[in-house]
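User: I would like to go through this model step by step, beginning with the ligand and ending with the backbone. Please reason briefly before each answer.

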Amino acid sequence: MSKKINKILKKKNKNKIVCLTSYSKTVAQILDKYCDIILVGDSMANVLYGMENTRSLSLNNIIQHGVSVKKGTNKSLLVIDMPKGSYKTPAQAKKNARLIFMKTKCDAVKIESNSKNFKIIQEIVKAKIPVMGHIGYTPQFKKKFKVEGKDMKETRKLIKEAKSIENAGAFAIVLECITPKSAKLITNLLKIPTVGIGSSVNCDGQILVTDDILGLSGFYPKFLKKYAHLDRIIEKAVKKYSKEVKSKNFPKKTNYLYGK
Ligand code: KIV
């Protein structure tokens, strides 16, 4: 077990785990000071590439962004999402997890659960690559959004799924859009930390998409809090630049590299 993973495990029941997504070195450099985990999430499919969903993001895409994020990451644990289709069988999962691990020098990979792929987690862990699980709303497998754990039947199913992921050897698990009651039960029952998104304060940590909290993505569901309005700041700057170019107020002689 690496020192970084151990640090995350020790936070359970003590300190909250702070996690955010990054797709680039520049953003990672800022997050690294404040985050325990930086995730190169497949949410980049929607947020960055303007795709309709995360299901057609390629392995190459995620690796390229992983390489960039690694350059800005020092103290945080770097986790990279395995895209849909890259872990269909245990052998393929192991091969692709190794490729991600080798090319990006990340610390772990994340796998969305389809309630069946526990053996896949087991195989990757056996290959000495730490795995983060992901249950609840898993966009790679569920086309329709739904909050999960509203009744005992659903809660029992989520508990069973979370336990199977823990038993398969995952070091942590994302709980996406699960009811506060279910999140509390799962967090109390598991030995590994839970990281919530839209799943209340009853988790060991929280994760959000950085572009969403900065007001850049245009995606603002109720579970999200906007910590900045970068869209407005960017628009103001671009408007000023456009005005200055048109009025020949930019570039000024002070911006010239040579001559007058
Ligand atoms: O892809 C992603 O960014 C994620 C987080 C929202 C958990 O999986």
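User: How many Å separate an oxygen atom of the ligand from an N or O atom in the side chain of D42?

Analyst: The model is a predicted one, and the distances discussed here are computed from its atoms. D42 belongs to the residues around the ligand, a group that also includes S43 and D81. With a cut-off of 3.5 Å for a polar contact, the pair formed by an N or O atom in the D42 side chain and a ligand oxygen atom is at 3.0 Å.

User: Which distances to an oxygen atom of the ligand are found for a polar side-chain atom of S43 and for an N or O atom in the side chain of D81?

Analyst: Both residues are part of the set around the ligand. For S43, a polar side-chain atom lies 2.5 Å from a ligand oxygen atom, and for D81 the distance between a side-chain N or O atom and an oxygen atom of the ligand is 3.2 Å.

User: What percentage of the ligand's accessible area does the protein cover, and in which pocket does the ligand sit?

Analyst: On its own the ligand has 260 Å² of accessible area, of which the protein covers 94%. As for its place in the protein, the ligand sits in the largest pocket.

User: How many residues of each class make up the shell around the ligand?

Analyst: The residues around the ligand include L39, K110, H134 and I197. Sorted by class, the shell comprises three charged, four polar and four nonpolar residues.

User: What is the secondary structure of the protein, and why is the protein described as being as compact as a globular protein of its length?

Analyst: The protein has eight strands and 10 helices. For 260 residues the globule rule gives 18 Å, and the protein is as compact as a globular protein of that length because its radius of gyration is close to this, at 20 Å.

User: Which peptide bond is cis, and which residue that is not a glycine has a positive phi?

Analyst: In the segment after helix 10 (230-246), where P251 is placed, the bond from F250 to P251 is cis, with omega near -5 degrees. In the loop between helix 6 (118-126) and strand 5 (131-136), the residue with a positive phi, about 70 degrees, is K128.

Notes: Residues numbered from 1 in each chain as written. Predicted model: local features only at pLDDT ≥ 70, side-chain atom pairs only at ≥ 80, totals over all residues. Heavy atoms only, no water. Near = heavy atom within 4 Å. Polar contact = N/O pair within 3.5 Å; in protein donor to acceptor, adjacent residues only side chain to side chain. Areas by Shrake-Rupley, 256 points an atom, 1.4 Å probe, with all protein chains shown as cover. 1 Å grid on protein atoms, 1.4 Å probe; cavity = no way out; pocket = protein on both sides within 12 Å on 5 of 7 lines; lining within 4 Å. Sits in = over half its atoms within 2 Å of the grid points. Nonpolar A, V, L, I, M, F, W, Y, C, P; charged D, E, K, R; others polar. Helix = DSSP H or I, 4+ residues; strand = E, 2+ residues; numbered from the N terminus. Rg over C-alpha atoms; globule rule 2.2 N^0.38 Å.
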